Every structure is written in C-alpha cells, then in structure tokens.
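Let's take a walk through a protein model together. Have a look at the structure first, and then we'll go through some of its features.

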Amino acid sequence: MKLFASGRLRSFLLLFTDVLFLALAIFLVFFIYKKCGALYEMPIIFRTWPIFLLLIMFNIIGRLYCGNLLYPGMALNPVEELRRLTLSCIGSFLVFMAILTLTRGNLSFSRVALSISALAGALLLPVGRIILRYILWKLQIAKIPALIMGDGNLVSPVIEKIREDNFCILEIKGSCCGMPMAKDIPDFAPDEFLDFARKERINYLIFCNSGNEYSRDIDRYLPDFLHVLVVNQTSRFPVLWSYPVSFYRYFSFEISNRLLRKGILLQKRILEIILAVIGLILAFIPGLILALLVKLSSHGPVFYRAKRLGKNGVPIEVLKFRTMNKNADRQLEKMLAENPDLKQQWEKNFKLDNDPRITPVGRFLRRTSLDELPQFWNVIKGEMALIGPRPIVQKEVAYYGDDYKIFSSVKPGITGLWQVSGRSDVDYEDRVALDVFYVNNWSIWMDYYIFLATINAVLFRRGAR
C-alpha cells in the first residue's frame with residue numbers, strides 16, 4: 001500500500017507515540033504519588049489534555065516529525081532530536097503550569113506531581129521513539145522512497161548505512177551512478193532516472209558529492225525533487241557546532257567551538273563529579289560482591305591498573321576489575337610469538353577474539369561492562385570523564401595519525417560514541433572516525449544521548465566480547 005511506503009505514516013506514528021508515552025508518564029506519576037498519600041482523584045489526569053496539545057504544537061515547530069507532518073524529510077540528528085524533544089516536553093508542562101497559575105486552576109493540581117511528570121515524560125518520550133523506530137525497521141514500512149546518485153565510492157557506504165540504521169526514514173529505490181550499487185537497486189541513465197522518479201512519484205534525492213565544492217549537477221535535479229539531501233565525503237566536520245549563513249551570495253557556515261567555552265566545560269565537570277559519586281555509592285555493595293568473585297575465581301589482585309594515555313597524552317592508570325589470569329601480559333607475548341594469526345589480529349585491533357587469558361568471571365564482567373565500575377574513581381580524580389573517547393595505549397597513537405591532536409584534546413571516558421555504535425563490531429578505522437566526530441561535535445546533549453544509548457548497549461550487550 002502506498003501509505004505504508006510513505007514517510008507521512010511515520011510522522012503520524014511518531015506523533016501518536018509521543019502522546020501515548022506522555023500519557024503513560026503522567027498516569028504512572030499521578031498513580032504512584034496518590035499511593036504515597038496525595039489527596040486527589042485519578043480522573044484529574046484527564047484535565048491535563050492541554051499539555052498534549054502544547055507538546056504536539058512545540059514538536060511541529062521544532063521539526064520533530066521529520067520536518068513536516070504532511071511533507072516529511074530527513075529526520076534530525078539523534079542528538080538534536082533528543083535536545084528538542086526534551087525541551088519541548090518540559091516546555092509544555094511549564095506553559096501548562098503557567099496557565100493554571102493565571103486561572104487559579106493550580107489549586108486542583110499537585111505541582112510536585114506535574115514537575116515529576118515533566119521529567120518522566122522527558123525520559124519516556126525518547127524511549128517510545130526508539131521502540132517505534134525499531135518496529136518500523138523490522139517491518140520495513142513507513143519510509144520515504146528515495147533515489148540516490150553521485151560518486152559511487154560514496155554512494156555504496158551511504159546505502160549500507162541507510163539499511164543498517166533504524167533511525168533513518170529513507171528507502172533507496174534506484175540509483176544513477178553508471179553501475180549498480182546493490183543487487184536489488186536498479187541503476188538508471190540520467191534521462192531514465194528522472195522518468196523513473198516521475199513515474200513512481202519519488203520526490204526525494206540523495207546527492208553524494210565526494211568533492212569539497214558545490215556541484216553544478218545538483219542544479220539540474222533541483223526542479224524535479226521536493227527534497228535533495230547533499231552528502232559530502234567529509235566525516236569529521238563539526239556538524240553540530242555549525243549552522244549555514246548567507247554571506248553575500250556565497251554558501252557559508254559558522255562554527256562555534258564548544259570546547260573553548262569554559263562555562264560549559266565547568267558544568268560538565270560538576271555534573272560528572274556528582275554522577276560519579278552517586279555511581280560509587282550505588283555500586284558499593286555490588287562492587288564488593290564482584291570483588292569477592294574476582295578474588296575467589298583466580299589468583300591475583302582484585303583490581304587491574306591499565307596504563308593508558310589521558311588528556312593531551314598524559315599517562316594515567318585506568319582502574320578495572322581484573323578479568324584476566326595473573327601474568328596475562330607475559331602470556332600474551334608468548335602467544336603472539338607462537339601464533340602469527342593472533343599477532344596480526346592483535347596488531348589490527350589490540351584485542352583478541354575468544355582471548356584464552358580471560359577468566360570465566362572476567363568474561364561475564366566484560367560482557368556486562370561491570371569491569372569498568374572502578375573507573376568512577378578515575379572520574380572523581382579528574383583523570384577521566386564519564387563520557388568521552390575510550391583511553392588508548394601508546395601503540396594505538398599511530399592509528400590516529402594527524403587526528404590524535406583532536407582526539408587527545410579531551411579526557412578519555414568510561415563510555416563513548418564508539419561503544420554505543422557497536423563496540424567490538426566496529427573496525428578501528430571507524431572507531432577513530434567516531435572518536436574524532438565526538439570531539440568535533442561535543443555537547444552536553446550529545447553526552448546525554450550517549451548515556452541513554454549506553455544503557456541500551458549494556459542491556460542488550462551490543463558488540464560486547
């Protein structure tokens with residue numbers, strides 16, 4: 001059906017999901033608060049209906065329904081969507097409470113319940129969208145049919161990313177690259193390309209430009225497509241720090257370097273200390289149990305101090321629960337000397353698949369990432385951040401090349417963009433690109449996004465080995 005091949009269906013499903021999960025948040029908070037002794041009747045939640053209208057209005061203004069409900073385009077970057085959705089949710093409650101104050105309707109409502117509902121909604125709305133997108137991705141419905149053209153060397157990885165990403169709303173129906181980019185995607189000559197677009201009523205074009213200059217070829221296709229997404233070869237550009245500006249008649253953009261804003265960095269540091277202290281308190285009892293398991297399962301100390309490079313290349317010792325046998329470093333040297341295949345694997349990824357040095361308890365700790373709990377202490381000491389690029393050893397610096405200066409300009413983190421993007425399933429080249437992208441696009445909201453994605457990665461053990 002044409003409806004299920006349209007991005008409009010996704011826009012309305014996102015709207016429905018937002019309303020559903022906001023209603024769930026309000027109901028749960030009011031129900032629990034009443035059970036704790038609050039004096040109101042549950043039907044009062046029906047009087048919160050203006051919040052839903054405000055949320056929908058703010059979301060439409062904030063382009064949270066793929067640009068437009070009726071004419072959707074490419075969705076926002078996940079980090080920007082999370083920021084706008086959070087602000088939209090909290091803003092809806094603030095406006096509602098302001099209305100109650102002006103109309104004296106606040107006497108019927110609990111401000112505490114409304115405030116907690118706002119926070120609960122801000123947490124649940126992104127979860128609802130993640131669930132919906134995963135379902136739509138599995139069913140392969142509610143997508144915008146699109147065509148793709150340009151440099152085949154860039155078109156091929158773009159198609160692969162689109163198919164792997166359940167966040168993406170696009171579905172490639174044809175290409176114009178001079179040769180087929182995939183077995184199930186037909187490739188057309190330029191004239192046939194436009195005829196196919198008109199026949200199938202496809203109004204979305206992805207133009208892959210491997211150069212750094214504006215391509216005149218784009219002008220030829222602009223009159224025939226409602227949306228044209230221009231994809232550039234550059235993957236390290238600070239997209240989230242920049243915005244387009246009209247500088248005379250030239251295409252221009254301005255970049256705002258957040259890493260030089262001391263106020264924002266201070267906020268990050270204060271928040272990290274608070275969360276690290278809370279983390280250590282919550283992990284104290286589980287940590288004692290894990291420490292006992294490590295000690296009883298194999299000979300050696302409970303903790304392992306891994307020598308790594310910190311900010312600006314300063315050596316640090318990263319604290320972990322020990323997951324390997326005693327004298328694992330000497331055992332590794334012997335294994336690599338005797339097995340060329342293992343040596344090649346180690347030199348490529350600095351880790352081994354099915355490493356025999358890992359203890360049974362250590363394997364569990366690694367799969368659940370619980371071996372990294374002691375690193376909260378590194379955060380409090382100021383050697384690490386909660387979120388940032390993973391710390392590396394000296395030998396890995398060569399893999400970063402000229403990008404190492406960018407990579408080392410921030411503190412390494414307990415979790416980061418690489419871990420939530422597949423972890424062990426991501427090759428080293430992509431890992432470097434992800435680390436550099438994080439540094440070049442860092443914000444408090446990106447840290448928040450990675451924090452939520454880390455919970456998902458740990459629960460489903462994505463990419464863990």
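## A network of charges

Keep in mind that this is a predicted model. Let's start with Asp18, Glu81, Arg129 and Arg133, which are joined up in a network of salt bridges. The structure holds 15 salt bridges, so there is plenty to explore.

## Salt bridges along helices

Look at helix α3, residues 78-103. Here the side chains of arginine 84 and glutamate 80 meet in a salt bridge, at 2.6 Å from N to O. These two residues are 4 apart in helix α3, so about one helical turn separates them. Arginine 84 is partly exposed, with 27% relative accessibility.

You'll find another pair in helix α6, residues 190-200. Aspartate 195 and arginine 198 form a salt bridge there, with their closest N and O atoms 3.4 Å apart. Aspartate 195 is partly exposed at 48% relative accessible area, and arginine 198 is partly exposed at 49%. Now try helix α17: arginine 431 and aspartate 435 form a salt bridge at 4.0 Å, N to O. Are these two residues buried or exposed? Both arginine 431 and aspartate 435 are buried.

## A buried serine

Back in helix α3, you can spot serine 88. Serine 88 counts as buried because its relative accessibility is 5%, and the cut-off for buried is under 20%. Which residues does serine 88 touch, leaving aside its neighbours within four places in sequence? Those contacts are Leu55, Phe58, Asn59 and Leu64.

## Nonpolar cores and a surface patch

The largest nonpolar core has 34 residues, and Phe321, Leu417, Tyr438, Met446 and Ile450 touch the most other members. Helix α17 (residues 428-440) gives this core its largest share, 4 residues. Beyond its neighbours within four places in sequence, tyrosine 438 has contacts including Lys268, Ile387, Pro389 and Asp447. There's also a second, separate core of 29 residues, with Ile148, Cys177, Ile206 and Cys208 among them.

Nonpolar residues turn up on the surface too: Leu266, Ile270, Leu271, Ile274, Leu275, Ile278 and Leu282 form a patch there, with about 650 Å² of accessible area together. Leucine 271 belongs to helix α8, residues 262-282, and is partly exposed at 43% relative accessible area.

## A hairpin to finish

Strands β7 (residues 303-309) and β8 (residues 315-321) pair in the antiparallel sense over 7 bridges. Alanine 306 has valine 318 in β8 as its bridge partner. The two strands make a hairpin with 5 residues between them, and asparagine 312 in the turn has a positive phi of about 60 degrees.

Conventions. Residues numbered from 1 in each chain as written. Predicted model: local features only at pLDDT ≥ 70, side-chain atom pairs only at ≥ 80, totals over all residues. Heavy atoms only, no water. Pairing = 2+ DSSP bridges. Core = buried A, V, L, I, M, F, W, Y, C linked by side-chain atoms within 4.5 Å. Buried < 20%, exposed > 50% of the residue type's maximum accessible area, 1.4 Å probe, protein only. Contact = heavy atoms within 4.5 Å. Patch = residues over 30% accessible without salt bridge, like charges linked within 9 Å, V, L, I, M, F, W, Y side chains within 5 Å. Areas by Shrake-Rupley, 256 points an atom, 1.4 Å probe, with all protein chains shown as cover.
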